[in-house]
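Visitor: I am new to this structure and would like to look closely at one part of it rather than hurry over everything. Please begin with a single residue in a loop, and then lead me along the helices at a careful pace.

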Amino acid sequence: MKNTLYQQLTERKRQGRKSFSVLIDPDKIEVSAIDQLVSLAVNANVDYFFVGGSLVIADNLDESIQIIKSSCNIPVILFPGSPSQLSKYADALLYLSLISGRNPELLIGQHVISAPFVKHSGLEIIPTGYMVIDGGAPTTVSYISNAAPIPADKNEIAMCTALAGEMLGMKLIYMDAGSGAKRPITEHMIEKVARHIEVPLVIGGGITDPEKAYLNCKAGADIIVVGNAIEKDPSLIAEMSNAVHSVPVIV
Ligand code: 1GP
């Protein structure tokens, strides 16, 4: 039987291999520019594409994913801002529960409403504990979610939240300072959380240089997600990917 993407993720973690994911927000990229981005990603050995955004106003989600899938084998994982952002052309769905917030709609409410739709999508579902960390600027995600982020220096709260998420059955923990965050998540917080959980840890939000991506991985991140910085300068893909893949393998 074919390994699921999640099995691949956990296997990579077991081997101590770090992964790099490019975030594509269909609202922020012209469909015509996707081909070039994909070719840069293939050359840079990017591990995953995350596709999604807080809003996804443009009606091009299916089309964007089809273009990616037709030109490479890099898995496409949906990172949806709302349950309407589904596409059967993707490989898997991060089934997000906003465990850092106290908004019941984003913890379970929207999931109940969209459950049959999600089930019938045929997508691989990856239950994900989504934690928003204060990145120094009110981001779209914090406004839309109507939930306070975890303060950037409250490492214990982050650790306890991740631990609770894992014990509730979340298969991934995604800590996000929000797209375009002024301050990305600190290595102290990443280290604290990584030491206490066993599931893979995804880190994103405001990562703009390869050095930061490298340090995040050293601190315990398993997957680094970059969107904004690459939208501004696509040539960063290679440097970021190299930095993540150059982290020494420690198991
Ligand atoms: C946002 O984690 C992602 O949800 C990536 O953030 O766009 O700032 O890289 P950036």
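Guide: Asn-60 is placed in the loop between strand E2 and helix H3, the helix of residues 61–71, and it should be said at once that what you have in front of you is a predicted model. With a relative accessible area of 10%, Asn-60 is buried, because a residue counts as buried when that value is under 20%. If residues up to four places away in sequence are left out, Asn-60 touches Pro-26, Ile-29 and Val-31. A further distance links Asn-60 to this stretch of the chain, since the C-alpha atoms of Asn-60 and Glu-30 are separated by 9.3 Å, with their positions 30 residues apart along the chain.

Another asparagine makes a useful contrast. Asn-45 sits in the loop between helix H2 (31–43) and strand E2 (48–51), and at 53% relative accessibility Asn-45 counts as exposed, whereas Asn-60 is buried. The backbone at Asn-45 also deserves a look, for its phi is positive, at about 55°, although Asn-45 is not a glycine.

From these loops we can turn to the helices, beginning with the pair H6 and H7. Helix H6 covers residues 155–167 and helix H7 covers residues 187–196, and they pack with their axes 9 Å apart, at an angle of about 30°. That angle makes H6 roughly parallel to H7, because angles under 35 degrees are placed in that class. The crossing in which H6 passes H7 is right-handed. On the H6 side the residues that meet H7 are Asn-155, Glu-156, Ala-158, Met-159, Ala-162, Leu-163 and Glu-166, while on the H7 side they are His-188, Met-189, Lys-192, Val-193 and His-196. Sorted by class, this contact of H6 with H7 holds six nonpolar, three polar and three charged residues.

Within this contact, Lys-192 is worth a pause. Lys-192 lies in helix H7, and although lysine belongs to the charged class, Lys-192 is buried here, with a relative accessible area of 18%. Setting aside residues up to four places away in sequence, Lys-192 touches Asn-155, Glu-156 and Met-159, three residues that are listed on the H6 side of the contact.

Just past H6 the chain enters the loop between H6 and strand E6 (172–176), where Leu-168 is found. Leu-168 is a nonpolar residue by class, and at 69% relative accessibility Leu-168 counts as exposed. The C-alpha atom of Leu-168 is separated by 9.2 Å from that of Gly-129, a residue 39 places away along the chain.

Helix H7 also has a contact with helix H8, which runs over residues 210–219, and here the axes come within 8 Å and cross at roughly 30°. H7 is thus roughly parallel to H8, and H7 passes H8 in a right-handed crossing. The residues that meet are Glu-187, Ile-190, Glu-191 and Ala-194 in H7 and Lys-212, Leu-215, Asn-216 and Ala-219 in H8. By class, four residues of this contact are nonpolar, one is polar and three are charged.

Helix H8 in its turn meets helix H10, residues 236–245, with the axes again coming within 8 Å and crossing at roughly 25°. This makes H8 roughly parallel to H10, and the crossing is once more right-handed. Pro-210, Ala-213, Tyr-214 and Cys-217 of H8 make the contact together with Leu-236, Glu-239, Met-240, Ala-243 and Val-244 of H10. The residues of this contact divide into eight nonpolar, no polar and one charged.

A word on the cysteines follows. Cys-72 counts as buried, at 9% relative accessibility, whereas Cys-160 is partly exposed, with a relative accessible area of 45%. The count of disulfides in the model comes to zero, where a disulfide would need a pair of cysteine sulfur atoms within 2.5 Å.

One last residue gives a sense of distance across the model. Ile-113 lies in helix H4, residues 104–120, and at 68% relative accessibility Ile-113 counts as exposed. Between Ile-113 and Ile-190, which are 77 residues apart in sequence, the distance from C-alpha to C-alpha is 33 Å, and Ile-190 is one of the H7 residues already named in the contact with H8.

Conventions. Residues are numbered from 1 along each chain as its sequence is written. This is a predicted model: local features need pLDDT of at least 70, side-chain atom pairs count only at pLDDT 80 or more; totals for chains, interfaces and linings use all residues. Side-chain values use heavy atoms; hydrogens and water are left out. Axes are lines fitted to C-alpha atoms, for helices over the stretch in contact, and angles run from 0 to 180 degrees between N-to-C directions. Helices (H or I, at least four residues) and strands (E, at least two) are DSSP runs, numbered from the N terminus. Angles under 35 degrees count as roughly parallel, over 145 as roughly antiparallel, 65 to 115 as roughly perpendicular and the rest as oblique. A crossing is left-handed if the near helix is turned anticlockwise from the far one by less than a right angle, and right-handed if clockwise. Contact means heavy atoms within 4.5 Å. Buried means under 20% relative accessible area, exposed over 50%, partly exposed in between (1.4 Å probe, protein chains only).
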